[in-house]
Amino acid sequence: MMASSYNAKDEDAVGSGGPGAVKSKKPDNTAFKQQRLPAWQPILTAGTVLPAFFMIGLIFIPIGIGLLVTSNNIKEFEIDYTGVDMFSPCFNCSQNYSWNSTSACTCSVPFTLDQPFESNVFMYYGLSNFYQNHRRYVKSRDDSQLNGDKSSLLNPSKECEPYRTSDKKSIAPCGAIANSLFNDTLELFYIHPNGSRITIHLVKTGIAWWTDKHVKFRNPGGNNNLSIVFQETSKPVNWHKAVYELDPSDPENNGFINEDFIVWMRTAALPTFRKLYRIIQKKKDNMTPTLPPGNYSLEVTYNYPVRSFDGRKRMILSTISWMGGKNPFLGIAYITVGSVCFFLGVVLLIIHHKYGNRNNNADIPN
Amino acid sequence: MDLSSIRKLITRYCTGEESWVDSRTVYIGHKEPPPGTEAYIPQRFPDNRIVSSKYTFWNFIPKNLFEQFRRIANFYFLIIFLVQLIIDTPTSPTTSGLPLFFVITVTAIKQGYEDWIRHKADNAINQCPVHVIQHGKVVRKQSQKLRVGDIVQVKENETFPCDLILLSTSREDGTCFVTTASLDGESSHKTYYAVQDTKAFNTAEEVDTLHATIECEQPQPDLYKFVGRINIYLDRDEPIARPLGSENLLLRGATLKNTEYIHAVAIYTGMETKMALNYQSKSQKRSAVEKSMNAYLIVYLCILISKALINTVLKYAWQANPNRDEPWYNQKTETERQRHVLIRAFTDFLAFMVLFNYIIPVSMYVTVEMQKFLGSYFILWDDDMFDEELGEGPLVNTSDLNEELGQVEYVFTDKTGTLTENNMELRECCVDGHVYVPHAVCNGQILPGAAGMDMIDSSPGVDGKEREELFFRALCLCHTVQVKEEETVDGIKRGIHQGKSTSFYISSSPDEVALVEGMNRLGFTYLRLKDSHMEILNREDEMERFELLEVLNFDSVRRRMSVIVRSSSGEYYLFCKGADSSIFPRVVSGKVEQVRARVEHNAVEGLRTLCVAYKKLTHEEYEETCRLLNSAKLALHERDKKLAEAYDVIEKDFILLGATAVEDRLQDKAADTIESLHKAGMKVWVLTGDKMETAAATCYASRLFHRNTQILELTTKRTEEQSLHDVLFDLSRTVLRQHGSMTRDTFSGLSGDCQDYGLIIDGATLSAVLKPTQEGTSNGGNYKEIFLEICRNCSAVLCCRMAPLQKAQIVKLIKASKEHPITLAIGDGANDVSMILEAHVGIGIMGKEGRQAARNSDYAITKFKHLKKMLLVHGHYYYIRIAELVQYFFYKNVCFIFPQFLYQFFCGFSQQPLYDTAYLTLYNISFTSLPILLYSLMEQHINIDILKRDPTLYRDIAKNSLLRWPTFIYWTFLGIFDAVVFFFGAFFLFDNTTFTSNGQLMATNTQMMFGNWTFGTLVFTILVFTVTLKLALDTHYWTWINHFVIWGSLLFYVIFSLLWGGIIWPFLNYQRMYYVFMQMLSSGPAWLSIILLIIVSLLPDVVKKVLCRALWPTTTERIQTKRQCLTAEQSTIFMLSQTSSSVSF
């Protein structure tokens, strides 16, 4: 009897399919599973795209004009002081270069500003053909050493090779980037029409990222007694002075947190680059321009050799605007793109009128 | 042990020169045979342990890793990773190691989990108790300890633990019932027979005294084939030899039913059982998309290598100047300097490879796999494809071919059970030209043309009456139908007495059931087979008993079956039924002409016809027949061939009795489906074993052929009149003339109005066509080519009288033709398996003829009509989704890597990466992975309903149209253009200007310089936004999920970047990204340039799309536009409903 009753049940399931079996196998009828979720179904047609094109055109062209005008209002002055040319003032210095020379070679480059530079003026040095973005160069640093880590100070990262140790002492700061720190000194003098040279005050702080100066770069053991901290280390081979002598006058700008050093350590993206050097702050009275038009003299302590790799050294003076430095590209690009969009809008409008209807008509008999 | 290695072992032994390995000798109960008969060779057989798991605990890691790295993509990434580890490369090993590790781990966990489940299942099976008879007692044993030769006792509803030869059963007649539902899905009960000479050994003690050996072939995977011989040593020395066939073999996995217990001897154990041998994985089918993908990969690999080569060469050209190679500020280490220049160049090349390796994305494989795997659930979940009757939905056996469903060009379909319901009913039978219609069949329907037919009351004279009854008896006897007895315990055959016989006849062939049921309605009821006697109830309710002597089983080659019975009066009859073509040539008398006319008439009506014939045998003839059969049956080698020869001798000189016509109704919406497939540009071929007229009628009914279709016949009838050569040329001329004038129409794909051709070909002619021509190619090339040419121009082809293998041959022929079309085969029976396996996509129908087709298929559905949604909707969606997925993946990686390539020109070819390591690693893993995955799961460029309504849309994606080379090149160039825009946009900002931040962020009003990492971050930001928005532009179906994922991943990128740059990460040895992202965002020009460059990058694609849509719209685009126009007015209502429903979700 047992067997037969079992059998009967079995037949039920195998046969027409019990209701229980159906339920368990039947898929849920949810919108997701049936691929019928409510959805927005946009289509890119001439009709829908047209307004967008005109909008882009209408917005971009004014922006571009604004950018271009702003950019053109920015005053920029650039002077190459490499001394390649025989008659340029720094020719001698560029020829007599040697790392070991103790006496500094100086040269003075005269230049004239035609227009006054208002507000804060930024002074840059620019290098060309200098591959700061070379892979071997970029990685040749030790961020934990620069962050004030004591063990890294005495035992820098392998990445710093071959600028890791000298005279069996670890180099601080190690690596190729630090080793090749830009060490020309630039001074600016205003030649008053009466012949007197007026030194222009150059501010050397506030040129690096705040976060770099205060978080990323740190002196080991605080900012005091740097010479003791760096006792066990040696200076980079190409440096004239040790890292704790970079700015002895200001403990907040010395050692690893020297801003010139920090700026240099941010490797440039392209082989031709400029880096912020000094800031010339606007006059307090606000009446006279920061740099009035007239004759100036750039006094260079020429230390940095670039001739071996056909490099160039420049000094740039620039004012800024809300959008940064002189930047005609962005303005031109905006105007171009805006006009192209506008033009395309017109083309599409024509096409839409000519062919849009035809398509719909052709569709109806189908 | 590994399964494949076993098989290899087996094949090695089987093909070996030694003869003893061809068969095995099993000593029942491990008793040695009487001395002198044969040397006792103890053969070693594996134990009964089933190992379906792939790994063991200790070999999991090495074996799994090995398996995974055999995939070419994984291996490629492994190589990249190793290169990164070994040489000094620009990116850290984590950038490729982490994704690879992720992929490998996820796969390993998945496979490990699956294997763990298999282990558990194996253990459960291996440790389940079985009853073994030892020394006359029933002993419990673990299943895995079972050995060949053990005598096993199996009780009702137990599953057989291994392959067994049935010795005896609890039933007196030595039969037992078995269901093989778990093996092949057939839930019907099959009868198995014990060897006649051992069926008396009924109890454990008796069985233990049995002294016999079994010789049988070595294990082979065919479930339905078995050849063996049992030698029984009774008291005499001479052993009795008896044949063993598949009717004696109980397969592991089958279940005993309706039988109290059986005794059987184990012959194949463990991994040698037929079930285990059938676990083989089917050969991998690869989709057309995958092939394109691989082609693209090769292109990208070439691009990658050439990029690396170019850069290496340029690097050394550029470095020729020592001041460039090693300026004073950037000296090399001593070891670097001493390295040989060739080694340096080689490492540089490798380093460039590593730098650009992301162009071939590791994540693409993962995404494609996930897309396929998850996407296949939409088929499983589909409510429309769920069959209420069966209570089952579609099955997805492989998700590798999802997109292939959208590419089908040829559909090969079986007729019976696929186009038709395989629900047979006897419509009429014809005895000597007199037609009988069983009443119940008509059930209200009036048969057209039935009015003029002879009905049963206008019956012929006495002689005719006799013939008529003989005919009915023949049909009642000549079959292999089993009667399912409801309550054997009580011995009451309730079902039959109440006339509810329908549910109780079981047979592997539904025709037979229909015939026996029809006979029941005509007054002759088949009761049962009892003690080798078939009992039938005649019109006068009298029991007639016939002794069943022999059954000459049906096979598809002979296309007939016979039985030899002895009536109670001692006369021997041979009844034969079969296809007309196989009966008529063997008939010597009878009213052949009338019957033939009727058969043809019925065939045209679309009915399945069978002819019935008989002959009387004398006792001597019977003896002779028996001898013939037995000698054939006892043969161990080539038994099938010998049997066929014997059958051929026996089955001849018939007297024709009449014919039957069984109706097989068309499946629901079969015609509609075929029409849709036609409209979708698919060519539908019907391949059937049926006769031509029947098949043609079905084709007309299913609208495969239309009224105005010109039918071309390529049949034996025609080739008898003309030579095959002439016929072929005639036909091709007809077709080509028309084709020439209509070329343009057919090319435009709208050849609806032009003359349709339909071809009918039969099996015999087909094999003649496919046979390589002896005369060589002098007479205008191969027949094959001409035949293919004809077929190409026919919208529908019907192949009738096909053997199963021929079906596969046809599929293969089309597959190999020069266009390499994508084929789909659909069928429901075992005879369709070969073509299902052969075709690009094999679809099984879970029908009446068991589950074999469904098991071997790639997808299984319940009804033919579901094919429409499967192809037109699911296939279409899968295809456009994966096409976009593949193209987009390559596009986004071109965008990603090409700026790095450009950057090399500005960093002295020093392999300096543009992006930070984190960005390199996470770009493909997280920033841009989810939107495309979700797109490839959710995208619907056109609504489901429209796709179903308008099958012509399917033509838009035919021939892999979205993955052709022009499209691929367009995407690649789009990627390169975008990359150039990103790079030079940022470049000009950095190059000639002071691209600076005004530093408001930290409240110091200074001008701060940006370095190379800011440059890279700027490019990367534009990149991430552009590629994501590009996908957004391509998305036509924005559900909340798409919104969430697209905007979410952009947001994630921003948040991640803020976090990544916001902290000094203690575990990193560099802090180059510190505050870079924030500083960048605090600069006005950065914002302006990001917006500008994104728009510039997207602009060309938008313009191209809009222009193409306006000027050269595809059908798809027209419909999209039209729908938009239509819904424009209702949009407000739609929006309202959308918001309400999205809220409810």
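This short presentation concerns the interface of chain B and chain A, followed by two annotated spans of chain A.

Good morning, colleagues. Please bear in mind throughout that the structure before you is a predicted model.

I shall begin with the extent of the interface. The size of an interface is often given as the accessible area lost when the parts come together. Here, chain A and chain B bury about 10200 Å² between them, and carbon and sulfur atoms account for 60% of that area. In terms of residues, chain B brings 120 to the contact and chain A brings 100.

What of the specific interactions? Between the two chains, the count is one salt bridge. Its partners are A:Arg36 and B:Asp945, whose side chains meet at 3.6 Å, N to O. Polar contacts across the interface amount to 26 residue pairs, with both residues at pLDDT 80 or more.

Which element of chain B gives the most to the side that touches chain A? That element is helix H41, residues 1084–1111, which supplies 16 residues. As for composition, this side of chain B comprises 54 nonpolar, 43 polar and 23 charged residues.

I turn now to chain A itself. An unreviewed UniProt entry lists residues 43–69 and 329–351 of this chain under "transmembrane region". In the model, residues 43–69 of chain A are 89% helix and 0% strand, and the end C-alpha atoms of that span lie 38 Å apart. Residues 329–351 of chain A are 100% helix and 0% strand, with end C-alpha atoms 32 Å apart.

Thank you for your attention.

Notes: Residues are numbered from 1 along each chain as its sequence is written. Chains are lettered from A and ligands numbered from 1 in the order in which they are written. This is a predicted model: local features need pLDDT of at least 70, side-chain atom pairs count only at pLDDT 80 or more; totals for chains, interfaces and linings use all residues. Side-chain values use heavy atoms; hydrogens and water are left out. Contact means heavy atoms within 4.5 Å. Buried area is the accessible area (1.4 Å probe) that two parts lose on being put together, summed over both. A salt bridge is a side-chain nitrogen of Lys or Arg within 4 Å of a carboxyl oxygen of Asp or Glu. A polar contact is a pair of N or O atoms within 3.5 Å; within protein, one must be able to donate a hydrogen and the other to accept it, and residues adjacent in sequence count only if both atoms are side-chain atoms. Helices (H or I, at least four residues) and strands (E, at least two) are DSSP runs, numbered from the N terminus. Ala, Val, Leu, Ile, Met, Phe, Trp, Tyr, Cys and Pro count as nonpolar, Asp, Glu, Lys and Arg as charged, and the others, Gly among them, as polar. UniProt positions are given in the numbering used here, feature names are shortened, and annotations may be inferred rather than shown by experiment.
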